[in-house]
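Me: I have a new structure open and I'd like to understand the labels people put on its parts. Can you walk me through the reasoning?

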Amino acid sequence: MKHLIPFLLLVSLVGCGGDRTQSNRVKALAQKMADAAPKKDYASVIDLTYDPIVEGMGGREQAIKKIEKSLAKSKELGFEILSTTIGAPGEFHVEGANTFVVVPMTMEMTAPYGKSVTETFILGVSSDGGKTWKFINGASIPKEGDPNDFLPKRPPNLVFPEISE
């Protein structure tokens with residue numbers, strides 16, 4: 001029994017290390033996406049955006065043009081991203097071939113009435129066991145069962161946090 005305890009401890013540490021490594025990868029990719037928009041690196045934003053959203057925007061090139069136009073219009077109206085901070089990804093959830101993870105995000109923006117700070121999230125989705133990740137803004141996620149739902153079946157225990165300003 002006393003030899004079994006170190007072995008179980010080692011196995012549990014190795015298992016946790018895998019999630020921690022995956023969590024660090026997801027956080028780094030999410031931060032890369034968040035940092036790209038203020039730098040006007042719209043190609044990086046689109047390359048990390050969930051594929052069905054990009055397809056719905058007319059493909060990669062059209063999506064880049066649309067995001068560029070949308071953010072330019074927002075700036076004209078007095079809204080501009082100042083900073084985006086990515087928090088620690090939550091629990092990984094698997095449903096079928098897809099892995100999901102909620103990643104908290106704090107966005108600071110200018111607005112016509114002053115500064116705005118929003119606590120929101122992005123959803124990471126991987127369809128290849130975590131080798132690649134694509135992201136969806138939490139405010140854009142339709143309710144499950146909505147006819148416009150573009151997400152694959154979600155795990156029942158996947159809960160989205162409230163978005164607050």
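Reply: Sure, and keep in mind that this is a predicted model. A good place to start is the surface, where L77, F79 and Y113 make a nonpolar patch of about 330 Å².

Me: What makes F79 eligible for that patch?

Reply: Residues in a patch need over 30% relative accessible area. F79 has 31%, so that requirement is met. As for its place in the chain, F79 sits in the loop between α4 (60-76) and β1 (80-86).

Me: And why is F79 called partly exposed?

Reply: Buried means under 20% and exposed means over 50%, with partly exposed in between. F79 has a relative accessible area of 31%, so it falls in that middle class.

Me: How much of the whole protein is buried?

Reply: Buried residues account for 33% of the 165 residues. The protein exposes about 10100 Å², and carbon and sulfur atoms supply 58% of that.

Me: What are the building blocks, and in what order do they come?

Reply: There are four helices and five strands. Along the sequence they follow α-α-α-α-β-β-β-β-β.

Me: Why is strand β3 described as mostly covered?

Reply: β3 spans residues 98-111, and 10 of its 14 residues are buried. Buried means under 20% relative accessible area, so those 10 residues each fall below that mark.

Me: How do you know that β1 and β3 pair?

Reply: Two strands pair if there are at least two bridges between them. β1 and β3 have six, so they qualify, and they pair in the antiparallel sense. You can look for I86 standing opposite M105 in β3.

Me: What joins β2 to β3?

Reply: Four bridges join strand β2 (residues 92-95) to β3, and the two run antiparallel. At least two bridges are needed, so this counts as a pair too. V94 stands opposite T99 in β3. β2 and β3 also form a hairpin with two residues between them, and G96 in the turn has a positive phi of about 60°.

Me: How many bridges join β3 to β4?

Reply: That pairing has 13 bridges, with β4 covering residues 114-126 and running antiparallel to β3. M109 stands opposite S116 in β4. Here again the strands form a hairpin with two residues between them.

Me: Let's turn to charges. Why is the contact between E76 and K73 called a salt bridge?

Reply: The rule asks for a side-chain nitrogen of Lys or Arg within 4 Å of a carboxyl oxygen of Asp or Glu. The closest N and O atoms of E76 and K73 are 3.9 Å apart, so the pair passes. Both residues lie in helix α4, three residues apart, about one turn of the helix.

Me: Are E76 and K73 buried or exposed?

Reply: E76 is at 64% relative accessibility, and over 50% means exposed, so E76 is exposed. K73 is at 46%, so it counts as partly exposed.

Me: What about E80 and K75?

Reply: Their closest N and O atoms are 3.6 Å apart, so they also meet the 4 Å rule. E80 is partly exposed at 36% relative accessibility, and K75 is partly exposed at 44%.

Me: Which residues are linked in a network of salt bridges?

Reply: D47, R60 and E61 are. Within that group, the side chains of R60 and E61 meet at 3.0 Å, N to O. For the protein, the count comes to seven salt bridges.

Note on methods. Residues are numbered from 1 along each chain as its sequence is written. This is a predicted model: local features need pLDDT of at least 70, side-chain atom pairs count only at pLDDT 80 or more; totals for chains, interfaces and linings use all residues. Side-chain values use heavy atoms; hydrogens and water are left out. Buried means under 20% relative accessible area, exposed over 50%, partly exposed in between (1.4 Å probe, protein chains only). Accessible areas come from the Shrake-Rupley method with a 1.4 Å probe; for residues, only the protein chains shown count as cover. Patches are made of residues with over 30% relative accessible area and no salt bridge: like charges are joined within 9 Å, nonpolar side chains (Val, Leu, Ile, Met, Phe, Trp, Tyr) within 5 Å.
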